[in-house]
Amino acid sequence: MDKFRLFFFVLLVNVFCAEAQWRPAGNRIRTTWAEHMDVNNVLPEYPRPIMEREEWLNLNGLWHYSVLPAGSSAPASYEGQILVPYAIESSLSGVGRKLGEENELWYMREFEIPSSWKNRRVLLHFGAVDWKADVWINDIKVGSHTGGFAPFCFDITSSISKGKNVVCVKVWDPVDKGFQPRGKQVDNPHGIWYTSVSGIWQTVWLEPVPEQYIEKVRITPDVDRNLLAVNVAANMQDEVDKVEVAVFDGGKKVASGAALNNVGIDVAMPADAKLWSPDHPFLYDLEICLYAHGKLVDKVKSYAGMRKYSTRRDKNGIMRLQLNNCDIFQFGPLDQGWWPDGLYTAPSDEALAYDILKAKDLGFNMIRKHVKVEPARWYSYCDRMGIIVWQDMPNGDRSPEWQPGCYFNGRDVTRSSESENNFRKEWKEIIDCLYSYPSIAVWVPFNEAWGQFKTPEIVAWTKSYDPSRLVNPASGGNHYACGDMLDLHKYPAPELYLYDGARPTVLGEYGGIGLALEGHTWEDRRNWGYVQFKNADEATEEYIRYARMLLELAKTGFSAAVYTQITDVEVEVNGLITYDRKIVKLDEAKLREINQTVCHSLDNRF
């Protein structure tokens, strides 16, 4: 009995010490989730729901850190603790400090490999690190990665030992001084530009795998042929006999298929296959098994939604967006995915799902994920809740002249070969890691000419790499006659000022109705929206007025629209929800009613 008391005493002391060493940095507003942060249980949910194994080890929590001039050797000692996976600039990191291009951020922590993982390979996963990461295990360098938005991993089997192991990570991030995709981050935040995000900002985790294991899964629904195409890549393809895929509906096996490794499996779905849509977001469960020499060596769980994104001309000759061969007006908010306490990183999994849930509550059927890529669980929530996603590529580098009101006739920007190659690499990585999530309908490689280059070529590559989705060439311009839609931006009220008879015309941004609520703003002053109102009633009436205008414009040309925006972000107060997510600023019931009317405005038009 005394041993048990001692164990719990030591456990309580360790918990108390961890909490005593960490406090949120700064005194800005925070979300309710951040106010109840448990540093001993940070984002504990499995981080990759599209390809799930049973065993894994979460490395989130308190790490040691130091900031040193770029080019320095590893620190002999560390200056404090940082809460991973929150960027060093964020409040929840416990540091709240700008890194800057002249410095590098060093992380270090110890870990032990569970004894049950013996004789298996061990992978070290990073959900995302912004921007350049070098990684060591026990002073052995195991790899490097550039790119701030896509996951990566290293096989660390040969560098680990029994007992304590040490992982070190060095990060360099030039923010707006570099050419890399960075989204809205800048060194000097103001207006539409926000606080920089440097370092680890998504879950870090370990995973045991067999010698031969499933490396990647690529799932493509084919509604017209009633097939589910599953491509599975293994790490050692020559020694693998076959891959089997089983499809389940509520625990009942309804379809299956098999093939030799690296050969795609076309699974014939039931004749009455259930289709995925915002109103009925049905998902099939998948079990994928890998065999070598006739023996089962690896198994992962996944899921899939049967859906089709396409375009078609309606009876009035207007090109429309379609879901499952039916016209659908896609309508949703611009979602930048920023948090007052975690910046890029939501303070909890419940928080991560909150904005999606509120978009559904408010009657939307789509979200435009704006110049940011979210953790994998965010897309899984969209799949399960029934929200269509337009996925932006984060912008970066320089821009040509912006000509939003006409088809572009100016001189395109010329990127350096290093910048161009990096864009292509990061864009491919983003598409690869998000490919199998059924909710993603549209890829958006460029936004408002920021970093826009070789548009027809980039659009053609994107379309050929993923023919199952639509490509929005440049939301808000510069406009080229390529891709699947013409995307206009107009603030504050919607306006159809340019039209394309060969592609659907969409309103990629409008609105921006500003309402600042005291006690819920990032700053006391400098808050702004495209139009400002003093109370919720006035702001709600203006929102409804714009929505009614949109309804009329849908009849004559618009096939989708994106309202700016779901939440306030730093000094922007044009969100439907405050930045701390504590108040929905406009009348929810009235918004839901008008939003649902817009979403169903094209129903039964044939």
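This text goes through the nonpolar cores, one helix pair and the cysteines of a predicted model.

The interior is a natural place to start. In soluble globular proteins, nonpolar side chains tend to be buried together. Here the largest nonpolar core has 124 residues, and the members that touch the most others are Leu228, Phe331, Trp390 and Tyr543. Helix H7, which spans residues 536–556, supplies the largest share of this core, with nine residues. The surroundings of Leu228 can be listed, leaving aside residues up to four places away in sequence: Leu228 is in contact with Ile219, Thr220, Pro221, Val247, Ile265, Asp266, Val267, Met269, Leu286, Ala304 and Met306.

A second core is separate from that one and has 29 residues, among them Phe126, Val129, Val171 and Leu206. Val171 belongs to strand E10, residues 164–172. Its relative accessibility is 0%, so Val171 counts as buried. Again setting aside residues up to four places away in sequence, Val171 touches Leu99, Glu104, Leu105, Tyr107, Val129, Asp130, Trp131, Lys132 and Gly199. Tyr491 lies 320 residues from Val171 in sequence, and the C-alpha atoms of the two are 38 Å apart in space.

The next topic is a helix pair. Helix H3 (residues 349–361) packs with helix H4 (residues 376–385) at an angle of about 35 degrees, and their axes are 10 Å apart. The crossing of H3 past H4 is right-handed. On the H3 side the contact is made by Asp349, Leu352, Ala353, Ile356, Leu357 and Lys360, and on the H4 side by Arg377, Trp378, Tyr381, Cys382 and Met385. Sorted by type, the residues of this contact of H3 with H4 are eight nonpolar, three charged and no polar.

Cys382, one of the H4 residues in that contact, leads to the cysteines. A disulfide is a covalent bond between the sulfur atoms of two cysteines. How many disulfides does the structure hold? The count is zero. For Cys382, the closest cysteine sulfur is that of Cys433, at 14 Å, which is too far for a bond because a disulfide needs the two sulfur atoms within 2.5 Å. Cys382 has 0% relative accessibility and therefore counts as buried.

Why does Cys482 form no bond with the closest cysteine sulfur? That sulfur is in Cys406, and the distance of 15 Å from the sulfur of Cys482 is too far for a bond. Cys482 has a relative accessibility of 13% and so also counts as buried, since the cut-off for buried is under 20%.

Note on methods. Residues numbered from 1 in each chain as written. Predicted model: local features only at pLDDT ≥ 70, side-chain atom pairs only at ≥ 80, totals over all residues. Heavy atoms only, no water. Axes fitted to C-alpha atoms, helices over the stretch in contact; angles between N-to-C directions. Helix = DSSP H or I, 4+ residues; strand = E, 2+ residues; numbered from the N terminus. Left-handed = near helix turned anticlockwise from the far one by under 90°. Contact = heavy atoms within 4.5 Å. Nonpolar A, V, L, I, M, F, W, Y, C, P; charged D, E, K, R; others polar. Core = buried A, V, L, I, M, F, W, Y, C linked by side-chain atoms within 4.5 Å. Buried < 20%, exposed > 50% of the residue type's maximum accessible area, 1.4 Å probe, protein only.
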